[in-house]
Amino acid sequence: MTLQFRGTLGQDIRDYLVITFGLFLYAIGFTCFQLPYELATGGLSGIAAIIFYGTGFPVQYTFFLVNILLLIIAVKVLGWRFCVKTIFAVFMLTFILGLTQDFMRDLAANNPDMFVSVNPKSHLPHVVYNNPFMSCLLAAVLEGLGIGMVFVSNGSTGGTDIINAIINKYKDVTLGQMNIVIDFLIVTSSLLLPQSSIEKLLYGYCTLVITGLLLDFVVDRARQSVQFLIFSRHYDEIAAEINKTHRGVTVLDAQGWYTKEERKVLVVLAKKSESTTIFRIIQNVDPAAFVSQSKVIGVYGEGFDRIKVKADKKDKAVHA
């Protein structure tokens with residue numbers, strides 16, 4: 001039995017569950033594979049990590065305090081609607097970061113034979129012993145997957161995302177460009193640490209690239225949709241069966257150029273995961289049907305992704 005969430009409340013509950021799971025993945029990658037080797041990364045968590053490497057001040061406290069300041073500014077500039085899920089993510093990630101660090105420290109202290117070595121400053125064990133590059137890869141993969149899940153659920157981890165959104169509101173600069181510049185500067189600033197090295201700097205850059213690739217993969221995968229053009233004499237039966245799956249069908253009038261015959265063409269937009277179901281329907285009704293399937297960059301509206309671009313106030317005034 002599949003549990004289906006209906007309506008806004010159900011969608012919000014599912015979003016918060018996915019965001020929480022994504023934050024757990026991020027915290028595991030950050031705590032287990034990045035902090036023990038003192039590797040740098042982007043975002044506010046990267047700044048918090050660099051401060052921790054230099055002073056020993058706990059990562060989660062820096063993350064929380066700076067985010068609170070940024071959220072106060074964001075509420076005034078961007079409004080509450082932007083900040084609700086971000087506030088949830090900030091509090092949740094602060095809690096999870098502390099939880100995972102305490103868990104790993106207790107695990108290393110109570111099971112000294114489980115890990116070969118422990119970082120003397122953070123008391124976090126080296127899960128991947130004497131292999132910082134593999135640790136860098138694992139951290140980047142988990143962090144990229146985690147952040148991707150948060151973004152797919154219309155959430156945000158705060159930090160530099162808030163700064164990017166504020167700058168984007170007043171300047172014609174894309175969020176992607178801002179992320180690249182800010183994250184690059186954060187990782188490069190790790191050179192100011194006494195224990196820094198070119199090797200660790202390169203690991204930080206690798207983490208940024210791999211995290212970005214995994215993030216894009218998760219977001220694109222989750223939102224991938226397809227378009228069907230179905231040519232069949234039994235178009236009405238096919239449309240009726242597809243409609244039973246709660247997918248809309250549009251019927252277009254067409255004419256074959258060679259035969260000059262009038263035809264009906266079905267246009268169906270669906271999630272990629274629904275492709276097999278639609279093909280089975282077509283095969284059962286009309287095996288001789290001509291079908292064209294193509295990928296679409298994005299589909300927005302009921303049953304698909306929500307449009308996140310806010311309408312311009314001037315446009316609203318014109319249409320009022």
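Which residues does Ser122 touch, not counting residues up to four places away in sequence? I started my notebook with that one. On my list for Ser122 are Leu35, Phe52 and Arg105. A reminder to myself: this is a predicted model.

**Entry 1: Ser122**

Next I looked up where Ser122 sits. I found Ser122 in the loop between α4 (80-110) and α5 (132-152). Is Ser122 buried or exposed? Its relative accessibility is 2%, so I put Ser122 down as buried, since the cut-off for buried is under 20%.

**Entry 2: the sheet**

Then I went through the strands. Four of them make an open sheet, and I wrote the order down as β2-β3-β1-β4, with antiparallel pairing. Which strands are at the edges? Those are β2 (250-255) and β4 (290-296), as each of them pairs on one side only. I also noted the turn between neighbouring strands of this sheet: 25° on average, direction ignored.

A general note for my own revision: strands of a sheet pair through backbone hydrogen bonds, and the pairing can be parallel or antiparallel.

**Entry 3: strand β1 and its partners**

I followed β1 (residues 225-231) on both of its pairings. With β3 (residues 262-271), strand β1 runs antiparallel, and I noted seven bridges. Which residue of β3 stands opposite Val226? I wrote down Ala270.

With β4, strand β1 again pairs in the antiparallel sense, over seven bridges. Here I picked Gln227 and looked for its bridge partner in β4, which is Ser294.

**Entry 4: helices on the sheet**

Two helices went into my sketch next. Helix α10 (residues 275-285) lies across β1, β3 and β4. I noted that α10 runs at about 10° to β1.

What about α9? Back at the sheet with the order β2-β3-β1-β4, I drew helix α9 (residues 235-243) packing on it, in touch with β1, β2 and β3. The direction of α9 makes about 15° with that of β3.

**Entry 5: a nonpolar patch**

Last, I checked the surface. Which residues make the nonpolar surface patch of about 440 Å²? I listed Ile47, Ile51, Phe57, Tyr61 and Leu65. The elements giving two or more residues to this patch are α2 (43-55) and α3 (59-78).

I took a closer look at Ile51, which has its place in helix α2. Its relative accessible area is 32%, so I wrote "partly exposed" beside Ile51. That label covers values between the cut-offs for buried, under 20%, and exposed, over 50%.

Definitions and conventions:
Residues numbered from 1 in each chain as written. Predicted model: local features only at pLDDT ≥ 70, side-chain atom pairs only at ≥ 80, totals over all residues. Heavy atoms only, no water. Helix = DSSP H or I, 4+ residues; strand = E, 2+ residues; numbered from the N terminus. Buried < 20%, exposed > 50% of the residue type's maximum accessible area, 1.4 Å probe, protein only. Contact = heavy atoms within 4.5 Å. Pairing = 2+ DSSP bridges. Axes fitted to C-alpha atoms, helices over the stretch in contact; angles between N-to-C directions. Patch = residues over 30% accessible without salt bridge, like charges linked within 9 Å, V, L, I, M, F, W, Y side chains within 5 Å. Areas by Shrake-Rupley, 256 points an atom, 1.4 Å probe, with all protein chains shown as cover. Salt bridge = Lys/Arg side-chain N within 4 Å of Asp/Glu carboxyl O.
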